[in-house]
Each structure stands twice: as structure tokens, then as C-alpha cells.
Amino acid sequence: MHYLIFILFFIILHPIFSEDNCDSIQSEPKKLSCYKKLWQEKDKNLNEVYQSLTKKLPAKEKEEMKLDSRSWIDRKEYYCLSERYTGDANSSKKNASHYKCLLDFTESRITFLQKAFGKENVSKDLVGAYSDGDGGRIEIKKGSSGYEFT
């Protein structure tokens, strides 16, 4: 019975902690807390995806993913600690915008890892649109003279 109550409680309250609801919160400390909680959940999910992929990948791809991930962490920290997100020239203030930035980066990283290293949704002939998880995008089309990149 307690288990059923917990499930119902989770189903009812889960929408409260969604990104859309964080945007509508007026109080900065509560908004910060909301985005921080969402980011922590996504970060945990990212770590699970990363660990799952490292178990499946050959050594070369595992090392490539590791190096790429280190570079991604540096970019994420640079952007999300910049004055643009924190409002602080010293990059020490972590406000709601900072955690929203971390959340956005983390969500895009999960998608990138799953597609690039998990081989999800990858066409056998390479045709399709691809993202690097950091705003870069490439589209591959099959043209009359071979593959075309846009």
C-alpha cells in the first residue's frame, strides 16, 4: 500500500519539477533550486549513459569519447560560468540561469552521446542531420556526384 501511495505521489508531483514549471517560478531562490534539481537528475542520467556506452565500445572509440567528453566539460563550464549566465564578471555567482545552462548542455550531451557513440538513429548510408552536442550541425545528403555536406 505504501508503495502505491509513493507511486501516486510521484506521478502527481513529477510535473511540478519540469523545466516549464521552473520558468514560471518568480522567486529566484526557488527557481535556482528547481533548475539545480533538474540538472542534477539529468547529470545522473548522463553519467548512466556514459557508463553504459563505455561498456559497449571498443578501446579506440572509448578513448575518443573520453577525450571528447573532457573537451565538452570545459566548454560547458566556460559557457555556464560566463557573465552572460551568472550576471557576475567574476563568474562565481551560480544563479538559476547558470543551472538552466547546465541543464541545456547536459540534455544535448545525452542526445549526442547516444547518437554518436550509441549508434542510435544512424542511417546506414550516412544521410541525415547530425549535431555535435555543442551547437554545431551538419547535414549529409546524397547528390548526383556523391555525398554533399551542408
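**Exercise 1. Confidence along the chain**

Task: In this predicted model, determine in which helix confidence is lowest and in which it is highest.

Solution.
Step 1. Compare the helix means: the lowest confidence in the protein belongs to helix α1 (residues 2–13), with a mean of 40, and the highest to helix α3 (residues 28–56), at 94.
Step 2. Examine the stretch of low confidence. Residues 2–17 have a pLDDT below 50, and beyond near neighbours in sequence this stretch has 4 contacts in the model.
Step 3. Set these values against the whole protein, for which the average pLDDT is 78 and 73% of the residues score at least 70.

**Exercise 2. Overall architecture**

Task: State how many helices and strands the protein has and which pattern they follow along the sequence.

Solution.
Step 1. Count the elements: there are 6 helices and 3 strands.
Step 2. Read them in sequence order, which gives α-α-α-α-α-α-β-β-β.
Step 3. Add the burial: of the 150 residues in the protein, 23% are buried.
Step 4. Consider the contacts with a separation of 6 or more. Of these, 45% join residues 24 or more positions apart.

**Exercise 3. The pair α3 and α4**

Task: Establish how α3 and α4 are oriented to each other and which residues make their contact.

Solution.
Step 1. Take the geometry: the axes come within 10 Å and cross at roughly 155°.
Step 2. Apply the cut-off, by which angles over 145 degrees count as roughly antiparallel. The helices α3 and α4 are therefore roughly antiparallel.
Step 3. Assign the hand, which is left-handed for this crossing.
Step 4. List the participants: α3 contributes Leu46, Tyr50, Leu53 and Thr54, while α4 contributes Lys62, Met65, Lys66, Ser69 and Trp72.
Step 5. Sort the residues of this contact by class, which yields 5 nonpolar, 2 polar and 2 charged.

**Exercise 4. The pair α4 and α6**

Task: Carry out the analysis for helix α4 (residues 59–80) and helix α6 (residues 96–116).

Solution.
Step 1. Take the geometry: the axes lie 10 Å apart, and the packing angle is about 160°.
Step 2. Classify the angle; α4 is therefore roughly antiparallel to α6.
Step 3. Assign the hand: α4 and α6 cross in a right-handed manner.
Step 4. Identify the residues. From α4 come Met65, Asp68, Ser69, Trp72, Arg75, Lys76, Glu77, Tyr79 and Cys80; from α6 come His98, Cys101, Leu102, Phe105, Thr106, Arg109, Phe112 and Leu113.
Step 5. Sort them by class: the contact of α4 with α6 holds 9 nonpolar, 3 polar and 5 charged residues.

**Exercise 5. The pair α3 and α6**

Task: Decide whether α3 and α6 are roughly parallel or roughly antiparallel.

Solution.
Step 1. Take the geometry: the two axes approach within 8 Å, crossing at roughly 20°.
Step 2. Apply the cut-off for roughly parallel helices, which is an angle under 35 degrees. The helix α3 is therefore roughly parallel to α6.
Step 3. Assign the hand: α3 passes α6 in a left-handed crossing.
Step 4. Sort the residues of the contact of α3 with α6, which are 14 nonpolar, 3 polar and 8 charged.

**Exercise 6. Threonine 106**

Task: Determine whether threonine 106 is buried or exposed, and name its contacts beyond four places in sequence.

Solution.
Step 1. Locate the residue: threonine 106 belongs to helix α6.
Step 2. Judge burial. The relative accessible area of threonine 106 is 0%, so the residue is buried, the limit being under 20%.
Step 3. Name the partners. With neighbours within four places in sequence set aside, threonine 106 contacts Trp39, Lys42, Asp43, Leu46 and Trp72.
Step 4. Relate these partners to the helix pairs: Leu46 of α3 and Trp72 of α4 also take part in the contact of α3 with α4.

Terms used:
Residues are numbered from 1 along each chain as its sequence is written. This is a predicted model: local features need pLDDT of at least 70, side-chain atom pairs count only at pLDDT 80 or more; totals for chains, interfaces and linings use all residues. Side-chain values use heavy atoms; hydrogens and water are left out. Axes are lines fitted to C-alpha atoms, for helices over the stretch in contact, and angles run from 0 to 180 degrees between N-to-C directions. Helices (H or I, at least four residues) and strands (E, at least two) are DSSP runs, numbered from the N terminus. Angles under 35 degrees count as roughly parallel, over 145 as roughly antiparallel, 65 to 115 as roughly perpendicular and the rest as oblique. A crossing is left-handed if the near helix is turned anticlockwise from the far one by less than a right angle, and right-handed if clockwise. Contact means heavy atoms within 4.5 Å. Ala, Val, Leu, Ile, Met, Phe, Trp, Tyr, Cys and Pro count as nonpolar, Asp, Glu, Lys and Arg as charged, and the others, Gly among them, as polar. pLDDT is the predictor's confidence in each residue, from 0 to 100. Buried means under 20% relative accessible area, exposed over 50%, partly exposed in between (1.4 Å probe, protein chains only).
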